[in-house]
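Let's take a walk through a protein model together. Have a look at the sequence and the structure first, then read on.

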Amino acid sequence: MSKGRGEAGRKGRPYNTGVTTAPGARANGRRTSRGTRRFVILTGLSGSGKTQAIRALEDLGYFCIDNLPTELIPTIAALSSREDTGLGKVAIVVDVRERGFLAQFPRVYRKLKAEPGVNPRLIFLEASDSTLVRRFSETRRPHPLAADRSVSEGIAEERRRLDSIRSMADLILDTSNMTVHELRDRFMALSRDGRTRAEMVVNLVSFGYKNGVPMDADLVFDVRCLPNPHFVERLRGLTGRDAAVVRYMRRSPATREFIDRLTSFLTFALPQYVQEGKSYLTVAIGCTGGRHRSVMIAETLRKSLARMKGIKVRVQHRDS
């Protein structure tokens, strides 16, 4: 790879997916000021990590399109600039898989940059030859430009053909030394323009073991060891959301200690999942019927975890 063309992009310009108001942009409600719209174009070498990048953008709320025909880019860009479409953030992947890409993209992109209502940002992903060869070997997929040749030959040809497009990029990102998780984490940080990490959604699900464990549970905690309100006649018809059930359970030292220990564990563990790049985690809490103990514990955790930074807590009572 040529020297001096690194992550900061060409001409040392910092990456910014935000857009700024342009002279002549419409102000009649049909178009929005450039500062509120995002239009990101991802391209680069095959095997450089575009799939992980587009997934990261999707997790950030972008409307994402993979392998879009080049001739449709202006249409999507025009739609993204309109308020009535709801496409405030759009990301597309275009590359050599599309037959007209190499011949059409430079002209289409230059024209797009000149449009008053659109300010796209082009991100180019690449990696070293040895890294790309290894990745193709691991996936056992053919290189799109080397159906009847070696992967190395396809990489060399693609690198040569994409050189002019690479020079147009606002950001060039070398993924050679990144794992899948590091690439995703890095791209999420870049695409937020340096803002803090997006919140991880923690879904607290109470359930009854008699109805089975939730299929999508990441962590499962069994609270059947705690005092059971079901055997107290006046509490049987209530649920763990009722004050009488909460008072009954909190009278038990075992319940209080269980809550403290579980809260301590989750307070430690959840930031580790955030750091790993996980955007959604389901924590299942089960008792026998799913009406009293599991519901009370889930509601208690909702309050204690809601104070954590980077975490958004939701609660679902499956069997209550």
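What follows goes from the whole chain to its biggest pocket, and then to a few single residues.

First, some ground rules: this is a predicted model, where local features need pLDDT of at least 70, side-chain atom pairs count only at pLDDT 80 or more, and totals for chains, interfaces and linings use all residues. Residues are numbered from 1 along each chain as its sequence is written, and side-chain values use heavy atoms, with hydrogens and water left out.

**The whole chain**

How sure is the predictor? pLDDT is its confidence in each residue, from 0 to 100. The chain has a mean pLDDT of 82, and 84% of its residues reach 70 or more. Residues 1–36 have a pLDDT below 50, and this stretch has 79 contacts in the model beyond near neighbours in sequence. Contact here means heavy atoms within 4.5 Å.

The chain holds ten helices and nine strands. These are DSSP runs, numbered from the N terminus: helices are H or I with at least four residues, and strands are E with at least two. Of the 320 residues, 47% are buried. Buried means under 20% relative accessible area, exposed means over 50%, and partly exposed is in between (1.4 Å probe, protein chains only). Take the contacts with a separation of 6 or more: 78% of them join residues 24 or more positions apart.

**The largest pocket**

A pocket is an open set of points on a 1 Å grid over the protein atoms alone, where a 1.4 Å probe fits and protein lies on both sides within 12 Å along at least five of seven lines; lining residues have an atom within 4 Å of a point. The largest pocket has about 770 Å³ of space, a volume filled by probe spheres set on the points, with grid points joined across faces, edges and corners.

Its lining counts 25 residues, and G47, S48, G49, T51 and T139 lie nearest the centre. Helices α1 (50–59), α4 and α7 (180–191) each supply at least two lining residues, while α4 gives the most, with five.

Turning to α1 itself, its buried residues are K50, Q52, A53, I54, A56 and L57. Just after this helix, G61 takes a positive phi of about 95 degrees.

**Three residues and a helix**

Here are three residues side by side.

| Residue | Element | Relative accessibility |
|---|---|---|
| I41 | strand β1 (residues 38–44) | 0%, buried |
| T263 | helix α9 (residues 253–276) | 16%, buried |
| D163 | helix α6 (residues 163–166) | 38%, partly exposed |

Which residues does I41 touch, leaving aside its neighbours within four places in sequence? Its contacts are I73, I92, V94, F105, Y109, L112, P120, R121, L122 and I123. The C-alpha atoms of I41 and I73 are 9.1 Å apart, although 32 residues separate them along the chain. With the neighbours within four places set aside again, T263 is in contact with L301 and S304. As for D163, its C-alpha atom is 9.6 Å from that of G44, 119 residues away along the chain.

Strand β1 turns up once more with helix α5 (residues 151–161), where G154, I155, E157 and E158 are buried. The cover over the buried residues of α5 includes β1 and α4 (129–139).

Notes
pLDDT = per-residue confidence, 0-100.
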